[in-house]
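Hi everyone, thanks for making room for me today. I'd like to walk you through one protein, slowly enough that you can follow along on the screen. Please have a look at it first.

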Amino acid sequence: QRELLQQLKGKEDVTLDGKKIRLYANIGSVGDVARVLANDAGGIGLFRSEFLYLEKDTFPTEEEQFQAYRTVAETMAGKKVIIRTLDIGADKQADYFHLAHEENPAMGYRAIRICLDQPEIFKTQLRALLRASAFGNIGIMFPMIISVKEVQQAKQYVAEIKAELDEKGIPYGDVELGVMIETPAAVIISEQLAKEVDFFSIGTNDLTQYTLAIDRQNAKLDNIYDSHHPAVLEMIRMTVENGHKGGCWVGICGELGADITLTETFLKMGVDELSVTPGSVLPIREIIRNTSVK
Ligand code: PEP
Ligand code: MG
């Protein structure tokens, strides 16, 4: 079995009827890139940038972030590297953020909400990301989006930093922008969101949590935390349809994207990208190459 999978290295991620799929990998630190390459993923679909913040006892500087993003972009040598902006709060806490105790942290002050509320933190990260984009094929995506306004504000900061870099003559690359679809609100307004960005990446871990109103951290509810729930699958289908209407490509970067019992379903829904843990890349390549999307 392992031998057979090894033979899939270097092969294209294309369905029997010729649709090319982006089969990418998820990483949580620079050190994970080796596993991405070892498993021959076509790119990185989710780089959880939080690690840069969580492993330290103060804010990572622009330079530290730049070096990390640049290293990943360069190591991937032109393959797509999608970096998610800071998704801190709720289950991911760092003392120096001085986040107040909350009754409902999953529904609280977190992710893009913090970034838009404390733009200096956000702008430092965006500057590091844009500078690193000159060294590879970087995409930027925003987590926990619930409104068009948030996306427009985030894009405004990106434009501001680009203008600043232009003025200083600092280069940056062509960066695709995307939003994570991980709230029911984002799904419902996905047709409008699609007009604002280049791609969607569905975060099924949070989308399941918020669709079913089940805390993803509550072990007592593990037996009913069900990403196969028809409501979750319908949310995914809607997102793909609306994303395509608005000209976006649509991927899945939550754990469900690696569920091989659903790969065919996702491909038939029109999903363009699956971003999975590196060890799942080759098993999913095998399925993609034996499936027709029609
Ligand atoms: C998700 O919510 O599915 C996701 C990919 O983000 P995280 O698991 O980091 O919240
Ligand atoms: Mg999430």
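**A walk from the ligand outward**

Let's start at ligand 1: helix α10 gives the most to the shell around it, with 3 residues. Before I go on, please keep in mind that this is a predicted model.

So which residues are around ligand 1? They are Leu46, Arg48, Asp87, Glu182, Gly203, Thr204, Asn205, Asp206, Cys253 and Gly254. Two elements, β2 (43-48) and α10 (204-212), each supply at least two residues of that shell. If you sort the shell by chemistry, you get 2 nonpolar, 4 polar and 4 charged residues.

Now let's step back and look at the whole protein. It has 13 helices and 8 strands. Along the principal axes, its C-alpha atoms fill a box of roughly 50 × 45 × 35 Å. How does the radius of gyration fit with a compact globule? For 294 residues, such a globule would have a value near 19 Å, and the protein has 18 Å, which agrees. Of the 294 residues, 43% are buried. Here is one more number for the overall picture: among contacts with a separation of 6 or more, 70% are between residues 24 or more positions apart.

Next, let's follow some strands, beginning with β1. Strand β1 covers residues 22-27, and 6 of its 6 residues are buried. In a regular strand, the side chains alternate between the two faces of the sheet. You can see two sets here: Arg22, Tyr24 and Asn26 point one way from β1, while Leu23, Ala25 and Ile27 point the other way. Both sets are buried.

What does β1 pair with? One partner is β8 (residues 273-276), in the parallel sense over 4 bridges. There, Leu23 stands opposite Leu274 in β8. Another partner is β2, which runs parallel to β1 and is joined to it by 3 bridges. In this pair, Ala25 stands opposite Ile44 in β2. To get from β1 to β2, the chain passes through helix α2 (residues 33-38), and this β-α-β crossover is right-handed. And β2 should sound familiar, as it also supplies at least two residues of the shell around ligand 1.

Let's move over to β8. Glu273 and Ser275 point one way from β8, Leu274 and Val276 point the other way, and all are buried. Strand β7 (residues 249-252) runs parallel to β8 and is joined to it by 2 bridges. Find Leu274 again: Ile252 stands opposite this residue too. Which hand does the unit made of β7, helix α12 (residues 263-269) and β8 have? This β-α-β unit is right-handed.

Just along the chain, Ser280 sits in the loop between β8 and α13 (281-288). Is Ser280 buried or exposed? With 22 other C-beta atoms within 10 Å, Ser280 is buried; the cut-off for that is 20 or more. Now compare two positions in the chain: Ser280 and Asn39 are 241 residues apart along it, and their C-alpha atoms are separated by 8.4 Å.

For another pair, go to helix α7 (residues 148-168), where you will find Glu164. Glu164 has 14 other C-beta atoms within 10 Å, so it counts as partly exposed. Glu164 and Leu256 are 92 residues apart along the chain, and 39 Å separates their C-alpha atoms.

I'll finish with two backbone details. Most residues other than glycine have a negative phi. Which way does Ala77 go? Ala77 has a positive phi of about 45 degrees although it is not a glycine. You'll find Ala77 in the loop between α4 (62-75) and β3 (80-84). Ala77 is exposed because 9 other C-beta atoms lie within 10 Å, and 12 or fewer is the cut-off.

The other detail is His98, with a positive phi of about 50 degrees, and again this residue is not a glycine. His98 is placed in the loop between β3 and α5 (111-117). With 6 other C-beta atoms within 10 Å, His98 is exposed.

That's my tour. Thanks for listening, and I'm happy to go back to any part of it.

Methods:
Residues are numbered from 1 along each chain as its sequence is written. Chains are lettered from A and ligands numbered from 1 in the order in which they are written. This is a predicted model: local features need pLDDT of at least 70, side-chain atom pairs count only at pLDDT 80 or more; totals for chains, interfaces and linings use all residues. A residue is near a molecule or strand if its C-beta atom, placed from the backbone, lies within 6 Å of it. Ala, Val, Leu, Ile, Met, Phe, Trp, Tyr, Cys and Pro count as nonpolar, Asp, Glu, Lys and Arg as charged, and the others, Gly among them, as polar. Two strands pair if DSSP finds at least two bridges between them. A crossover is right-handed if, with the strands pointing away from the viewer, the path from the first strand over the helix to the second runs clockwise. The radius of gyration is taken over C-alpha atoms; the globule rule is 2.2 Å times the number of residues to the power 0.38. Two residues are in contact if their C-beta atoms, placed from the backbone, lie within 7 Å.
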